[in-house]
Amino acid sequence: MRLQNFIGGEFVDAKSGETIENIAPFDGSVTSLIPRSTADDVEAAVEAAQHAFAAWSALSFEERARVLDAVADRIEERAEEFAMAEAIDTGKPIVLTRAVDIPRAVSNFRFFAQAVQQHGTSSYASNGAINYSLRQPVGIAGLITPWNLPAYLLSWKVAPALAMGNCVVCKPSEFTPTTASLFGEVFNEVGAP
């Protein structure tokens, strides 16, 4: 299997064409080839995120929540595929990825889909001044996830950023890239920009 970068809603090879072997921790076999991305690929991802930002940030809280719920639904529908990919990448027992990792990723998307609909501003008086918070998109978030909880932690970072109307550029661990690739497929399947 050959994984690709997910940039602007499309799967693309690294601009250099170079790859890295994804090694299974349980037996040392090569499970896939992944892109050896460089600054050029990051720049392309940032440009794509900036392009998507105007449309995504203009959606209402409710519209973004619907997309996040659709992502959660689709991950649930593909739960076995996600659990197997997570088990192979991390070396965890599949019983654990089925019972904890993938259900938690689904829960993260659902939690932030609900939380974003409880929006509002708040203000607090203090020492003759008024402090307030605005919940509004700020731009592009760069997200890096570790190898030990790839689906869970990627969803924990992506869901709140998207819920608030931001766009993301994610860098999964090169040791556990497969569920990140599956997330890209899911975002395309639900029609996310």
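**Entry 1: what α3 packs against**

I looked up the neighbours of helix α3 in this predicted model. Its buried residues pack against two strands, β3 (19-23) and β4 (30-35). They also pack against the helices α2 (61-77), α4 (94-115), α5 (150-163) and α6 (178-189).

Which residues of α3 are buried? I noted F82, A83, A85, E86, A87, D89 and T90.

Next I checked the length of α3. The helix covers residues 79-90, twelve in number. From first C-alpha to last, α3 reaches 16 Å. That is close to the 16 Å expected at 1.5 Å a residue.

Then I looked just past the end of α3. G91 sits there with a positive phi of about 80 degrees.

**Entry 2: α3 and α4**

I turned to one of the partners of α3, helix α4. At what angle do α3 and α4 pack? I found about 120 degrees, with the axes 8 Å apart. The crossing of α3 past α4 is right-handed.

I listed the residues that meet. From α3 they are A79, E80, F82, A83, M84, E86 and A87. From α4 they are I94, T97, R98, D101 and I102. Sorted by class, this contact has seven nonpolar residues, one polar and four charged.

F82, A83, E86 and A87 caught my eye in α3. They are buried, and they meet α4.

**Entry 3: α6 on its own**

I moved to helix α6. It has twelve residues and reaches 17 Å from first C-alpha to last. The expected value at 1.5 Å a residue is 16 Å, so I wrote "close".

Why do I call α6 largely enclosed by the rest of the structure? Nine of its twelve residues are buried, so the description fits. The buried ones are T178, T179, A180, S181, L182, F183, G184, V186 and F187.

Just after α6 I found G191, which takes a positive phi of about 80 degrees.

**Entry 4: α5 and α6**

Last, I looked at how α5 meets α6. Their axes come within 10 Å and cross at roughly 40 degrees. That angle makes α5 oblique to α6. α5 passes α6 in a right-handed crossing.

Which residues make the contact? On the α5 side I wrote down P150, A151, L154, S155, V158 and L162. On the α6 side I wrote down T179, A180, F183 and F187. By class, this contact holds eight nonpolar residues, two polar and no charged ones.

One link back to the previous entry: T179, A180, F183 and F187 touch α5, and they are also on the buried list of α6.

Definitions and conventions:
Residues numbered from 1 in each chain as written. Predicted model: local features only at pLDDT ≥ 70, side-chain atom pairs only at ≥ 80, totals over all residues. Heavy atoms only, no water. Helix = DSSP H or I, 4+ residues; strand = E, 2+ residues; numbered from the N terminus. Buried < 20%, exposed > 50% of the residue type's maximum accessible area, 1.4 Å probe, protein only. Contact = heavy atoms within 4.5 Å. Axes fitted to C-alpha atoms, helices over the stretch in contact; angles between N-to-C directions. Parallel < 35°, antiparallel > 145°, perpendicular 65-115°, else oblique. Left-handed = near helix turned anticlockwise from the far one by under 90°. Nonpolar A, V, L, I, M, F, W, Y, C, P; charged D, E, K, R; others polar.
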